[in-house]
Amino acid sequence: NFTNLFPTGNFQYTYKANHSLSVRYDGKTIQPTIGQLQQLRNNNNPLNEYIGNPFLKQSFRHNTAINHNSYNFLKDLWSYQSININITENAITNSILIADNGKRITQPVNTNGNISANGYMGMGKKIKQFDLDFGLGLQFNYAKFNEIVNYKTNGNKNSNVSFSVNFRKSKTKLYEINLENN
């Protein structure tokens, strides 16, 4: 038996015209599949066996996002910032046992420590002499995912950062040209 629960909350604060801050939270349950729960051994490939786990618990994913936006009409200046974080409790991942003869036995298990985060920020300004919008941006991503290999937790980590420069020129109902490099 599993209980589905989907809590959510959102808060937005506009502290002056065209300037806002928002915070959002979403929670979500993730049930194991029938294939993950069935204890039947799948040995179609003798070197790669899969065993279900009837003791799996449901996972719960927490997602939190914080966003900020601002725009100054007089200076034609804008900025934005955002960060998103996902944490999964009791994540359903794999436990892999590799025998000396190369045989792999895989079984789903619950683990903790799975997290992902990403964020971006940027700012821009209209260059009036050329009737051109100019912008700069920065983005990052990070993820950590745990598996178990030969009874030891294996944390796979991935991260990257990118920087962008953007030029945009447009005439209403005629054209829009956008050039961006990351």
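This report describes how the strands of one protein chain pair with one another and which residues line its two largest pockets.

The structure is a predicted model. The mean pLDDT of the protein chain is 93, and 99% of its residues reach 70 or more. Among the elements of the chain, the lowest mean pLDDT, 77, belongs to strand 3, which covers residues 41-45, while the highest, 97, belongs to strand 6, which covers residues 77-89.

**Strand pairing**

Strand 7, made of residues 91-98, pairs with strand 8, made of residues 104-111, in the antiparallel sense over eight bridges. Within this pairing, Leu-97 has Ile-105 of strand 8 as its bridge partner. Five residues lie between the two strands, which form a hairpin, and in its turn Gly-102 has a positive phi of about 95°.

Strand 7 also pairs with strand 10, which spans residues 132-149; here the two strands run parallel and are joined by two bridges. Two residues of strand 10 can be named in this contact, since Ile-148 is the residue opposite Ser-95, and Val-149 is the residue opposite Ile-96.

Strand 10 is joined to strand 9 as well, by 13 bridges in the antiparallel sense, and one of the pairs places Phe-140 of strand 10 as the bridge partner of Gly-119. The hairpin of strand 9 and strand 10 has four residues between the strands, with Asp-131 taking a positive phi near 50°.

A further antiparallel pairing links strand 10 to strand 11 over 17 bridges, and in it Leu-136 has Val-165 of strand 11 as its bridge partner. These strands form a hairpin with two residues between them, where Asn-150 in the turn has a positive phi of about 50°.

**The two largest pockets**

The table sets out the volume and the lining of each pocket.

| Pocket | Volume | Lining residues | Classes in the lining |
|---|---|---|---|
| Largest pocket | about 240 Å³ | 19 residues | eight nonpolar, eight polar, three charged |
| Second largest pocket | about 170 Å³ | 16 residues | seven nonpolar, seven polar, two charged |

Of the residues that line the largest pocket, Tyr-80, Leu-136, Gly-137, Ser-164 and Glu-180 lie nearest its centre. Two or more residues of this lining come from each of strand 6, strand 9 (114-127), strand 10 and strand 11 (152-171). Strand 10 gives the most, with six residues. Leu-136 thus appears in two settings, as a residue nearest the centre of the largest pocket and as the bridge partner of Val-165 in strand 11.

For the second largest pocket, the lining residues nearest the centre are Ile-30, Arg-61, Thr-88, Ala-91 and Asn-114. The elements that give two or more residues to this lining are strand 5 (59-72), strand 6, strand 7, strand 9 and strand 10.

Which strands, then, give two or more residues to the lining of the largest pocket and also to that of the second largest pocket? Strand 6, strand 9 and strand 10 are named for both linings, whereas strand 11 is named for the largest pocket, and strand 5 and strand 7 are named for the second largest pocket.

Notes: Residues are numbered from 1 along each chain as its sequence is written. This is a predicted model: local features need pLDDT of at least 70, side-chain atom pairs count only at pLDDT 80 or more; totals for chains, interfaces and linings use all residues. Side-chain values use heavy atoms; hydrogens and water are left out. pLDDT is the predictor's confidence in each residue, from 0 to 100. Two strands pair if DSSP finds at least two bridges between them. On a 1 Å grid over the protein atoms alone, a cavity is a set of points where a 1.4 Å probe fits but cannot get out, and a pocket is an open set with protein on both sides within 12 Å along at least five of seven lines; lining residues have an atom within 4 Å of a point. Grid points are joined across faces, edges and corners, and a volume is the space filled by probe spheres set on the points. Ala, Val, Leu, Ile, Met, Phe, Trp, Tyr, Cys and Pro count as nonpolar, Asp, Glu, Lys and Arg as charged, and the others, Gly among them, as polar.
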